[in-house]
Structures are given as C-alpha cells and as structure tokens.
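Got your viewer open? Keep the selection tool handy, and let's walk through this model stop by stop.

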Protein chains: 2
Amino acid sequence: MKIKYELIKNDNKARYGRLITNHGTYETPMFMPVGTLANVKMLTPEELKDVHSAVILSNTYHLWLRPGEDIVKKAGGLHKFMNYDGPILTDSGGFQVFSLAKNKKKDITEEGVHFKSHIDGKNLFLTPELSIEIQNKLDSDIAMSFDECIPYPASYEYAKESTERTLRWAKRGKDVFNNENQSLFGIVQGGEYQDLREYSAKKTVEIGFDGYSIGGTSVGEDKKTMYKMIDDAIRYLPIDKPRYLMGVGDPTDLLEGVERGVDMFDCVLPTRLARHANAFTKHGKINLKNAKYKEDFTPIDECDCYTCTHYTKAYIRHLFVANEGLGGRLLSIHNIRFLIKMMEDMRNAIKNDKFLEYKNEFMKKYLSK
Amino acid sequence: MKIKYELIKNDNKARYGRLITNHGTYETPMFMPVGTLANVKMLTPEELKDVHSAVILSNTYHLWLRPGEDIVKKAGGLHKFMNYDGPILTDSGGFQVFSLAKNKKKDITEEGVHFKSHIDGKNLFLTPELSIEIQNKLDSDIAMSFDECIPYPASYEYAKESTERTLRWAKRGKDVFNNENQSLFGIVQGGEYQDLREYSAKKTVEIGFDGYSIGGTSVGEDKKTMYKMIDDAIRYLPIDKPRYLMGVGDPTDLLEGVERGVDMFDCVLPTRLARHANAFTKHGKINLKNAKYKEDFTPIDECDCYTCTHYTKAYIRHLFVANEGLGGRLLSIHNIRFLIKMMEDMRNAIKNDKFLEYKNEFMKKYLSK
C-alpha cells in the first residue's frame, strides 16, 4: 500500500493532517529524527517511541556503502534489520553526494553523478535508477527521487540546467520504481529563483508522486531567502499530498515551515547538537558544558522526556566534562523530544486556530536571551 | 544501616548467600558492573536493572577529580546524582593511583601517595583519611579501605613493607570513617607470598570490617598464581562476612573464584570488551567485526538480554563497521547480562550441590574453540 495523506484542518496556510502508512497512522505536521546508518545515533527504537517519534529517516547513500542494500534486503528490509516497526523514509543519496563526496569533487552527467566515496575515496557512480533500485531493496515506507541539490548561490543558467536535469532524473526514477509497498516523493528544486521554483514544482507535480519534498534549502542561504524558497515552491503543490521540507530542524524554521504549509521535516540537528552538549530549551539553546551548570541540580527544561524527568544539568554536565557517551545519549533523547513536542503543540494550535499565537509566544521566549 | 551478609548454603567452598543493603537485598555470588564516572558507560540505570544488576561500582579517584565529591554530596549523594537506586560500592582510589598515575610515577610515604593526575598532570596527594572522607561524602553503600596494590612480581621485602603499611592505612581509614549508612571493607594484600597473604588477612580481620576484599590480583600474574593468591587469603576470612575479589571478571576466573568461596566480583571487562566489538558467548568470545558475521542474521548467543532478543550479529557488525556508538551500547548490555546470568546459574548450581558439574560443563563449551 502507498502512503495516504488526509488534510484535516487548515489554520491559514498551516495544515493539520494525518499520514497513513504501512507502519501506522501519524499526525502531521511532524518532525522526523535522522538515523543515517540504520540507527538514530546512540538510541534504540524503543527510545524513539518513548519520545513519540513517528517516521524516521535513513540514508540511501550511507547504506549503499555500509552495509550494502543487498544485506539489508537479505535481513528482510530496513525495518527488520534495525528493529524499527514505525515508518521509515529514505532519502535518495542526492544530498549526500553533493555534501560528502570526497574533496567535493563530482562529475555530473546526464546519466548520473561520478564522485568519490567519503570513506575510502573509491570511485562511485550513482544514477536515478540505481538510487531507486537501492531504495526499493531497503524497502523503506517512503523513497525519494534522485536530485541535484543546487548550491547557493548559483547562477540562473546553472540552476535552470540543473532543475531540468533533476526533472528528467525524477521521471527516470519513477519509471523504474518497483515496490508496491513503498511510496515515492518528488523533490522540487529551482535554486533561489522564483520562476524556476514554480517551473520545478509544476513539472514535478505533472510527473506525479505520492508526496513532494522541498529541496535545496539550508545550503547557506539566509533565512529570508530560505522562507521565500519554500513559498515559491509550496503554492504549486497539491493539497492532498504531504509536503516535506528536507534537512530543516531549527525550532524557528519549523515554525516558519509549518506556517507555510509544510507537513514533514527532518534534520540531524537535535542529535548533532546533543553530541556537542547543546540542548534545546524553551528559552533558547544552552551548552551543558558551561561552568554555571556545575551545581545546577534542576532538569534541562520543563519537559516530559526521560532525561528531564531523571537527570540534572549538573549530572549531564559531569558526563560531558568526563567525556562519557551517556551524556550525548541523554541529550539526544531530550532534543528529539523537544522538537517532537513542538510539533504536538503546533498541531494543537492549528486545531484551535491559534497557530500564529503559539508561534509568536514560542519565538518570544526562545529568542529572549 | 550497615550491610549484612547471610550465608544460606555451601557447596564445598562455594557459597550461596544474601547481601542485605539499604538499597535492596540481593543474592550472592554476584557480578558488579563498573560505573567508573557515576555511570556504567553508555547505559542507564534502567538498563542495568533489566539485566538484573544489583550492586554497581563507582570510582573514588575519578569522582574526586570529576565532578568532585562535594558536588555529588550537594546533589544528595551518588545514588541521587546518577539516578541509581540500587546499591553502589566505591573503591578507595588505591588501585587507580597505581594504574593511572601520570607516567606511573608516584611517591608512597607513610602518610599517603603523591602522584600526578592522569587528566592534566596536576600534583595530587591521596591519604587513607582523604579516601574515606571522599567516600563518606559520595555516600555509597560500601566503601573500600585505601590500600596499595602491590605490583607483580615484587620482592618479598617490598611486599612485606607494603602489606604492613596497607594495614596501618586500613586502621587509619576505619578510625576516621563517619557515615552510619555506609559499610567499610578491608582489603587483603600480601602480594604473591603465602605467609604475607595469611598475615594480611588475619590482621585485616583483626581490625574488623563489614566485608573483606581480596586485592592485588589481575596485575599481570599467571592464572595459577592468581588462584593461589585467592586461596591464601580467603581461608582466613570470616564466614559471616562477604568476600569480594576485586577487578576480576573473566568468565573462567569467576568460576574459579566462586569455587573458592568468593561472593562478589567487579570488572570493566564486559563493557570494555563491548566497546571493542567483543561479545561473550557460551562458546567463547567472538569479535563482531569479523567478516563472517556480515550476513549472519542470528543473535549473538542464546540469551534473554535486550540485544539478543532484538538484534542480529549482522546488524551489530554493521554498527561497529560504521563506527556507530549504539554497537558498544548493545554489546555492553549483552556482556553484562552474560556475566550476571552466569552468576545466577552458579547460584542455582550451588543450591543443588552441582557447582562443579556446572563449572565443568561451562568450561568445556566456553573453551571449545
């Protein structure tokens, strides 16, 4: 079965809806934690469920290299391999090819991308067909089309050429797609150019996918440009399909995204920040290594997560100062829960036509320091 | 309240008993996981309970340096600080001074030991009184006397001098001990010399403690010597007090120790091995990085732990090959459970007068490869 999206209620452009998958039905808008290598770093699936995670992400490029999609397939697919019975979304590898390719050298041809492995420098060649074939084998719930993530800034000519190629790649990927229990999303590109975003969105919708991603953001552009890139794409997307803003997880960006009608977000931010001792709080980010937490025997935040209900800032600081991995694990739990709780609060706000109120209140506190 | 030990049943010298603490009553013989820096690396207290941990260890020397015993005291003691409501045993720091002191340079005087911090090379001075004072503040259930761990080999003269000094230190520590909810163990030293072991054991018992540790093993001596060092100490220890063999956790050594009447063991082995991809199995240790596990979709061992009931060797191998911390976490759970399950099996064997039978059967399988 393909995923289904049901729009339940709008509050202006913000959408409260429902995503029906082969691994459960979940409310949107939602934040999806990233499990690059078939695990969300340091955490078990049970811990992800404890913080009310729904869809989690995994990375086609990484799993292609290690352990290889054939091993995952032999294990019975990604869910079984990693012991997660919730929905899994795999990206296409497109973004990683552009961000991780050794020395960032790559050769983009019509057929695909030649580049070097970030692990051992080995020559690799990824094509739209291969990306889909790998994802079909991984057997995630949602697969992504192979795209080029256009750098920022990029010339109009380059952005146009790339956008058109990504459309051809999307079509090629769809043509070879072969997994009836998996859904396929198209990705809108177009760089920072309004007309290219419109063109990319319309043409991607024309090809027809189970959902639509907004790509090419969070690549160095300023916030205003990023929000405009979302606006310039999202208005052309059908209301009966989920919209997924890729790689975005900063709390303020989540609010701006939801306000514009985005349903799904993913980002490594909560776990990456956690490993560097940073925690989200309602009053902004804090770094637990700070000496002022030495004797602070209160939790990180008013929060219902395992970390905040069991540990103090002083203890977590101690773990980081002493270089103990448990610190990153505890903060990962908190940071993911923080973003997921934000989404719960946003959904409630939308239900009550109070999204803007919620957003303004959150922003005021979060940016107060 | 001080801890109490009740001997329930002997099977030859092997003892089945009960340890009554302020944080619960537990059966012996038992294996105690090590949480050096107020956490068993990567694991939560809930996970320790899941594998049926009872007493866990923490390290006075490490906590003295980070975060400092005063912070732990302000947090309400070690249990509250680290969120563990089972019993905690703290060592005296003696062993760490000898194994971790920067460049292993140390100056042992009658008063105490001058040495350099393993973290920043700072000059430190630890005395029997200070070790006890720190442990009183940490408020563990069981504290250890400050001792010198005699290197192996050592001359008779050196071992004699050191053993006598350790006895004086034990007395000094007991004299300043000031925590009525904490118990204090004496440590038998004496190096590899039978008469010194006897002397140390008898004199330590004369001073009088709530339990007795057998120290100075696992410092490079061969197995035969180690077992003799246990024999030469344990025969002089009172039957109504627990006997604790320090720093020993190899499965075969646990069996040899229990056979000789040891009640308690601790070792970093299960967690350290885990971080290096090694797992205990009934058929010996295996390394999960081995290519032969690439497509092995069976659990590590026939085992009731979370890891073995949820994950395959192929998945855990993938985590290690991809350098994902979850691998070490999952193997830590398994390895600790393995040793704790061994102790459960040994207790059952003792109850049924079948200890030797169990031991021989275990050894046959474990050493079969």
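How many residues of chain B are in contact with chain A? Color the two chains differently and look where they meet: 29 residues of chain B touch 29 residues of chain A. Keep in mind as you go that this is a predicted model.

**Stop 1: the two chains together**

Select helix 3 (69-74), helix 4 (78-82), helix 13 (313-321) and helix 14 (326-351) of chain B; each of them gives at least two residues to the side of chain B that touches chain A. Helix 13 of chain B makes the largest contribution to that side, with five residues. If you color that side by residue type, you get 16 nonpolar, six polar and seven charged residues.

Now try superposing the chains. Turning chain B by 180 degrees, with 0.0 Å of shift along the axis, lays it on chain A with an RMSD of 0.0 Å. The two copies are therefore related as by a two-fold rotation axis. Both copies use the same surface, too: 100% of the contact residues of chain B recur in chain A.

**Stop 2: helix 13, in both chains**

Stay at the meeting place and select residues 313-321 of chain B, which is helix 13. Is this helix largely enclosed or left open? Eight of its nine residues are buried, so helix 13 of chain B is largely enclosed by the rest of the structure. The buried ones are Lys313(B), Ala314(B), Tyr315(B), Ile316(B), Arg317(B), His318(B), Leu319(B) and Phe320(B).

What covers them? Show helix 14 of chain B, then helix 3 and helix 4 of chain A: the cover includes these three, from both chains. Step just past the end of helix 13 of chain B and you reach Asn323(B), with a positive phi of about 65 degrees.

Hop over to chain A for the counterpart. Eight of the nine residues in helix 13 of chain A are buried, and here the cover includes helix 14 of chain A plus helix 3 and helix 4 of chain B. Asn323(A) follows this helix, and its phi is positive, near 65 degrees.

**Stop 3: a three-stranded sheet in chain B**

Next, select strands 1, 2 and 3 of chain B. They make an open sheet in the order 1-2-3, with antiparallel pairing. Strand 1 (4-11) and strand 3 (24-28) are the edges, and each has a single partner strand, so one side of each has no neighbour in the sheet. Neighbouring strands are turned against each other by 15 degrees on average, direction ignored.

Zoom in on strand 1 and strand 2 (residues 14-21) of chain B: seven bridges join this antiparallel pair. To check the register, label Lys4(B), which stands opposite Ile20(B) in strand 2. Then bring helix 14 of chain B back into view; it packs on the sheet, touching strands 1, 2 and 3 of chain B, and its direction makes about 120 degrees with that of strand 2.

**Stop 4: a parallel pair in chain B**

Select strand 5 (residues 56-59) and strand 6 of chain B, which pair in the parallel sense over four bridges. Ile56(B) sits opposite Ile88(B) in strand 6. Which way do the residues of strand 6 point? Ile88(B) and Thr90(B) go one way and Leu89(B) and Asp91(B) the other, and all are buried. In a regular strand, side chains alternate between the two faces of the sheet.

**Stop 5: two domains in chain A**

Switch to chain A and color domain 1 (4-267) and domain 2 (268-369) separately. Their C-alpha centres lie 26 Å apart. Where they meet, 29 residues of domain 1 of chain A are in contact with 28 residues of domain 2 of chain A. Helix 10 (251-259) is one of the elements of domain 1 that supply at least two residues to this contact side, and the largest share, six residues, comes from helix 10. That side of domain 1 divides into 16 nonpolar, five polar and eight charged residues.

**Last stop: Arg243(A)**

Finish by selecting Arg243(A), in strand 13 (residues 243-245) of chain A. Why does Arg243(A) count as buried? Because it has 27 C-beta neighbours inside 10 Å, and 20 or more make a residue buried. The residues that Arg243(A) touches include Tyr212(A), Ile214(A) and Asp263(A). Now pick out Pro29(A): it is 214 residues from Arg243(A) in sequence, yet 9.3 Å away in space, C-alpha to C-alpha.

Key. Residues are numbered from 1 along each chain as its sequence is written. Chains are lettered from A and ligands numbered from 1 in the order in which they are written. This is a predicted model: local features need pLDDT of at least 70, side-chain atom pairs count only at pLDDT 80 or more; totals for chains, interfaces and linings use all residues. Copies are superposed by least squares on the C-alpha atoms of residues with pLDDT of at least 70 in both. Two residues are in contact if their C-beta atoms, placed from the backbone, lie within 7 Å. Ala, Val, Leu, Ile, Met, Phe, Trp, Tyr, Cys and Pro count as nonpolar, Asp, Glu, Lys and Arg as charged, and the others, Gly among them, as polar. A residue is buried if 20 or more other C-beta atoms lie within 10 Å of its own, exposed if 12 or fewer, and partly exposed in between; C-beta atoms are placed from the backbone. Two strands pair if DSSP finds at least two bridges between them. Domain bounds come from an automatic or database domain assignment. Axes are lines fitted to C-alpha atoms, for helices over the stretch in contact, and angles run from 0 to 180 degrees between N-to-C directions. Lists of a residue's contacts leave out its neighbours within four places in sequence.
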